[in-house]
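Please look over the model shown here with two topics in mind, its pockets and the packing of its helices. A short report on both is set out after it.

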Amino acid sequence: MTPEERKELINTYADGYNEVMNALDGFPSDSLGAHPIPGKWSAREIVHHLGDSESFSGARLRKLLIEENAVIQGYDQDEYASKLRYNERDMAPALDAFRSARESTLQLLQLMTEDDWQRVGSHTESGRYSTEDWLKIYAAHAHNHASQIRRLREAINHPQS
């Protein structure tokens with residue numbers, strides 16, 4: 001990956017929180033916990049996932065930067081959603097966690113050296129896992145979930161009959 005490609009992904013990463021907030025703008029508050037698309041999370045569940053996932057992702061990047069041959073542990077996001085009662089909790093703290101984790105990690109991304117970008121560990125579910133792999137995944141992560149939120153809003157506003 002070139003430095004220019006990294007910079008573009010870092011900029012995308014930096015915009016992730018705003019993208020999610022824009023997707024939530026105008027979302028009917030009484031429908032945040034709704035499941036208008038069978039088998040998909042609600043907007044509230046997505047926000048809680050982002051709060052937890054950003055905390056995990058920040059720790060993953062830090063492990064890659066600090067530890068030799070870091071092992072990145074996978075987790076079952078659906079178990080988190082269920083057992084941590086994502087759809088029953090206020091999402092404001094999760095939004096704060098998401099924003100804070102992104103801002104803190106963004107500082108690291110902007111300071112990383114070429115050597116930092118060559119760091120590699122392993123992921124328990126997907127094998128080889130580098131800092132560049134991390135960036136590719138998490139640059140798109142919030143944007144993908146913002147798109148999900150928009151699809152949910154569309155399904156709520158225009159239900160299929």
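The report takes the pockets first and then turns to two helix pairs. The model is a predicted one, and the values below should be read with that in mind.

**Pockets**

The two pockets are set side by side in the table.

| Pocket | Volume | Nonpolar lining residues | Polar lining residues | Charged lining residues |
|---|---|---|---|---|
| Largest pocket | about 240 Å³ | four | seven | two |
| Second largest pocket | about 190 Å³ | four | four | three |

The lining of the largest pocket is made up of 13 residues, and those that lie nearest its centre are Arg60, Tyr75, His123, Ile137 and Tyr138. Two elements, α3 (43–66) and α6 (131–157), each give two or more residues to this lining.

The second largest pocket has among its lining residues Ile37, Gly39, Lys40, Trp41 and Ile46, together with Gln77 and Asp78, and also His145, Gln148, Arg151 and Leu152. At least two residues of this lining come from α4 (77–83), and at least two from α6. Which element gives the most to the lining of the second largest pocket? The answer is α6, with four residues.

**Packing of α3 with α6**

Helices α3 and α6 pack with their axes 11 Å apart, at an angle of about 175°. Because angles over 145 degrees count as roughly antiparallel, α3 is roughly antiparallel to α6. On the α3 side the contact includes Ala43, Ile46, His49, Leu50, Ser53 and Glu54, and further along the helix Ser57, Arg60, Leu61, Leu64 and Leu65. These residues of α3 meet a set in α6 that consists of Thr131, Trp134, Tyr138, His141, Ala142, His145, Gln148, Ile149 and Leu152. Sorted by class, the residues of this contact are eleven nonpolar, seven polar and two charged.

Some residues appear in both parts of this report: Arg60 and Tyr138, which lie nearest the centre of the largest pocket along with others, also take part in the contact of α3 with α6. Likewise, Ile46, His145, Gln148 and Leu152 line the second largest pocket and belong to that helix contact.

**Packing of α1 with α5**

Helix α1 (residues 3–14) packs with helix α5 (residues 92–111) at an angle of about 165°, and their axes are 10 Å apart. That angle makes α1 roughly antiparallel to α5, and the crossing of α1 past α5 is left-handed. From α1, the residues Ile10, Tyr13 and Ala14 meet Ala101, Arg102, Thr105, Leu106, Leu109 and Gln110 of α5. This contact between α1 and α5 comprises six nonpolar residues, two polar ones and one charged one.

Terms used:
Residues are numbered from 1 along each chain as its sequence is written. This is a predicted model: local features need pLDDT of at least 70, side-chain atom pairs count only at pLDDT 80 or more; totals for chains, interfaces and linings use all residues. Side-chain values use heavy atoms; hydrogens and water are left out. On a 1 Å grid over the protein atoms alone, a cavity is a set of points where a 1.4 Å probe fits but cannot get out, and a pocket is an open set with protein on both sides within 12 Å along at least five of seven lines; lining residues have an atom within 4 Å of a point. Grid points are joined across faces, edges and corners, and a volume is the space filled by probe spheres set on the points. Ala, Val, Leu, Ile, Met, Phe, Trp, Tyr, Cys and Pro count as nonpolar, Asp, Glu, Lys and Arg as charged, and the others, Gly among them, as polar. Axes are lines fitted to C-alpha atoms, for helices over the stretch in contact, and angles run from 0 to 180 degrees between N-to-C directions. Angles under 35 degrees count as roughly parallel, over 145 as roughly antiparallel, 65 to 115 as roughly perpendicular and the rest as oblique. Contact means heavy atoms within 4.5 Å. A crossing is left-handed if the near helix is turned anticlockwise from the far one by less than a right angle, and right-handed if clockwise.
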